[in-house]
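Hello,

I am handing over the structure we talked about, so that you have it in front of you while reading my notes. Please look it over before going through the findings below.

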Protein chains: 2
Amino acid sequence: MGVSRSTVIGRPREFDVDEALECAMRVFWERGYEGASLADLTGAMGITKTSMYAAFGNKEQLFRKALERYTEGPASYAARAMEEPTARQVAEALLRGSVRTTTLPGGPPGCLGVQGALASGEGGRPAHDMLVAWRNDATLRVEERFRRAVDEGDLPEDADPRRLARYIMTVAFGIAVQAANGLGRDELQDSADMALRNWLP
Amino acid sequence: MGVSRSTVIGRPREFDVDEALECAMRVFWERGYEGASLADLTGAMGITKTSMYAAFGNKEQLFRKALERYTEGPASYAARAMEEPTARQVAEALLRGSVRTTTLPGGPPGCLGVQGALASGEGGRPAHDMLVAWRNDATLRVEERFRRAVDEGDLPEDADPRRLARYIMTVAFGIAVQAANGLGRDELQDSADMALRNWLP
DNA sequence: GGGTTTCTGTACCGACCGGTTAGGATCGTG
DNA sequence: CACGATCCTAACCGGTCGGTACAGAAACCC
């Protein structure tokens, strides 16, 4: 929206929406939905509450936008992993990407999709549901990719795509928790390798 | 404390401390530390704020007590698993216990130790740190148990107890997240079995 | 029953929560 | 330059947060 208009009427906003969203994403990533107060968010974004409301609507919509940005930014490894030629390589890229992103030097340890709102009070329910859907959706996409692998003969005929996807995502979520525990990249990659070692009989 | 005194002076409290703590534990389990308000907690406990403060000190100490109760109650499978005769059986019991506890019919899905405060704001930091220590401590105890297994000849001489413990706990934490996602007991146990299939070369 | 001790309920505290409103200041356009 | 749209600052909204002060009720000892 607003992109089609060549000449904008009224005073243009003074801050960069993308930059502000990036900052908000990091705060949500670090503190979770309920743990991130409006003061935390707007402080990091460098704008006032009013500007934030004008640009994003409210906290919940800001979180939704931040989650989208996370998906297309730090978590874009997931989409890229789906394009790997074999199911084995998909799984490897998925876990390697989760290890790298949850231990990004410049960012908070862990995964926004996991620690954003695992448990929450009444007010955090929308964010909670959003993330449950996000995680289950990711699992579903892996399942579909594995189903394709069966069709292509890459995976054996009797392989169960849903089971395999569930397993890989379980490990990926575990890695996210361990990253939040402070484990290092090498340690996490080691666990990922172990999980992949018995990949199919 | 208080056990040595046979006759108590003053008015005895009208509620059962253990029962109240049990209720508080379930609220923390379901909503997390920050997501559980004092109103939620005291409402579920069936007492007033004043009584809660008199009996437990404050919210943080209530959480600590609740976590202890969780460790000795729903999560007691972990301590029992350590007494299994072989490392393989320890690992199996650990994952089976985590699957069962995170999908307890009467309780919230997931694990209090994981979703209690994975990410938090400033006020939730003590609880956050408490749980990081809880999870790392659990991993350490598994490592020690596996080290013993190496000493006893149960695990090969070149096995790395720390790596193995890290791997098992990573899967256990992943199971907790998946349980919070709504996955069922059979699905989780299936992933646990897959993780155990490549247990040692 | 008197005295002491501790519990319980109510009412209240300042701080902060997410969210809104009013009023200028500031920009692009005609 | 005037207009219209949007900006920013700042004060403010009711509600809730975790945490207390106080007074009365209830149970024990003597």
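What follows is a summary of the contacts to DNA and of the salt bridges.

Please keep in mind that this is a predicted model.

DNA strand C

DNA strand C is surrounded by 21 residues, and the closest of them are Leu38(A), Lys49(A), Tyr53(A), Lys59(A) and Thr50(B). By class, these surface residues are six nonpolar, nine polar and six charged. Helix H3 (49–56) of chain A and helix H3 (49–56) of chain B each contribute at least two residues to the surface near this strand. H3(A) gives the most, with three residues.

Of the strand C atoms within 4 Å of the protein, 65% are sugar or phosphate atoms, and the rest belong to bases. Three contacts to phosphate oxygens of DNA strand C can be listed:

- Tyr53(A) places a polar side-chain atom 2.5 Å from a phosphate oxygen.
- Glu14(B) has a backbone N or O atom 2.9 Å from a phosphate oxygen.
- Ser37(A) has a polar side-chain atom at 3.3 Å from a phosphate oxygen.

DNA strand D

Around DNA strand D there are 21 residues, of which Ser51(A), Leu38(B), Lys49(B), Tyr53(B) and Lys59(B) come nearest. Sugar and phosphate make up 61% of the strand D atoms that come within 4 Å of the protein. The surface residues divide into seven nonpolar, eight polar and six charged. H3 of chain A and H3 of chain B each supply at least two residues here as well, and the largest share, three residues, comes from H3(B).

On the phosphate side, a polar side-chain atom of Tyr53(B) lies 2.5 Å from a phosphate oxygen of DNA strand D. The side chain of Lys59(B) has an N or O atom 2.7 Å from a phosphate oxygen of that strand. A base is contacted too: an N or O atom in the side chain of Thr50(A) is 2.8 Å from a base nitrogen of DNA strand D.

Salt bridges

How many salt bridges does a search of the whole structure find? The count over all chains is 24. Among them is the pair Arg88(A) and Glu92(A), whose side chains meet with an N to O distance of 3.0 Å. The two residues are about one helical turn apart, because they sit four residues from each other in helix H6 (residues 87–102) of chain A. Arg88(A) is partly exposed, at 32% relative accessibility, and Glu92(A) is partly exposed at 27%.

Arg148(A) and Glu152(A) form another salt bridge, with the closest N and O atoms 3.0 Å apart. Both ends are partly exposed: Arg148(A) has a relative accessible area of 39%, and Glu152(A) has one of 46%.

Between chains, Asp190(A) forms a salt bridge with Arg166(B), and the closest N and O atoms are 3.7 Å apart. This pair runs from helix H10 (residues 185–197) of chain A, which holds Asp190(A), to helix H9 (residues 161–180) of chain B, which holds Arg166(B). Are these two residues buried or exposed? Asp190(A) and Arg166(B) are both buried. In addition, Arg163(A), Arg166(A), Glu187(B) and Asp190(B) are joined into one network by salt bridges that share partners.

Regards

Methods: Residues numbered from 1 in each chain as written. Chains lettered and ligands numbered in written order. Predicted model: local features only at pLDDT ≥ 70, side-chain atom pairs only at ≥ 80, totals over all residues. Heavy atoms only, no water. Near = heavy atom within 4 Å. Polar contact = N/O pair within 3.5 Å; in protein donor to acceptor, adjacent residues only side chain to side chain. Nonpolar A, V, L, I, M, F, W, Y, C, P; charged D, E, K, R; others polar. Salt bridge = Lys/Arg side-chain N within 4 Å of Asp/Glu carboxyl O. Buried < 20%, exposed > 50% of the residue type's maximum accessible area, 1.4 Å probe, protein only.
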